[in-house]
Amino acid sequence: MPARRSSAARTTVADATATDADTLVISHVFDASRALVWAAWTERKHLDKWQGAPEGVTVTVEQSDIRPGGAFRICMHAPDGKDHWLQGVYREVVAPERLVFTHTWLDAAGKPGPETLVRITLTERGDRTELTLRQTGFTSPASRDGHREGWASTFTNLGRYLSGHAARHSDTGRIS
């Protein structure tokens, strides 16, 4: 089987409506199968290799139980030495098309801040996959816009990982 063609992914960003300042919607098309994009989001062996947004941040996963009612807790280690903790609970896990989870930053004392809800939808587009992220519940446009930057960096990291992964495994068709 020949290697996948290389083509630039596209990202579109739009707020849900002009008056809906608490919502962020981002779509990104990856040059990878939906099964591989799903595996990258839900399997630890993949997550450990591409999580780390924004650029230069490393991630330690303390807890990851990807099932309805399961929780996650991660620490994002910034280049300046500061740690940023994030946690949430999975509300829906519908393979290979949808993940829905809460998203809460913790303050320095470990107290949860405002909670948002993230919905990831994966749609097949031929041999590519469109990922649409919808995050709701922001308390300010500044918070929404900061998350926009973080997710954009996340998608860049994921795109790089998927491109390398697809190239390495294009001859077998396996998701490993």
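**Warm-up: surface and burial**

Task: For this predicted model, work out how much area the protein exposes and what share carbon and sulfur atoms supply.

Solution: Start with the surface: about 9,100 Å² is exposed, and carbon and sulfur atoms supply 52% of that. Then turn to burial, where 39% of the 176 residues count as buried.

**Exercise 2: the fold along the chain**

Task: Find how many helices and strands the protein has, and put them in sequence order.

Solution: Count them up and you get three helices and eight strands. Walking along the sequence, the pattern reads β-β-α-α-β-β-β-β-β-β-α. Next, check the contacts with a separation of 6 or more: 47% of them come from residues 24 or more positions apart.

**Exercise 3: placing glutamate 115**

Task: Decide whether glutamate 115 is buried, partly exposed or exposed, and list what it touches beyond four places in sequence.

Solution: First locate it: glutamate 115 sits in strand 7, which spans residues 112-125. Its relative accessible area is 46%, so it's partly exposed, since that class lies between the 20% and 50% cut-offs. Now the partners: Arg91, Thr102, His103, Thr104 and Gly137. Take histidine 103: it's 12 residues from glutamate 115 in sequence, with a C-alpha to C-alpha distance of 5.7 Å.

**Exercise 4: inside the core**

Task: Which residues touch the most other members of the largest nonpolar core?

Solution: That core has 31 residues, and the top spots go to Trp41, Ile120, Leu131, Trp151 and Leu162. Now zoom in on leucine 131: beyond four places in sequence, its contacts include Trp41 and Ile120, along with Phe30, Val37 and Phe155. Polar company shows up too, including Ser27 and Thr121.

Definitions and conventions:
Residues numbered from 1 in each chain as written. Predicted model: local features only at pLDDT ≥ 70, side-chain atom pairs only at ≥ 80, totals over all residues. Heavy atoms only, no water. Helix = DSSP H or I, 4+ residues; strand = E, 2+ residues; numbered from the N terminus. Buried < 20%, exposed > 50% of the residue type's maximum accessible area, 1.4 Å probe, protein only. Contact = heavy atoms within 4.5 Å. Areas by Shrake-Rupley, 256 points an atom, 1.4 Å probe, with all protein chains shown as cover. Core = buried A, V, L, I, M, F, W, Y, C linked by side-chain atoms within 4.5 Å.
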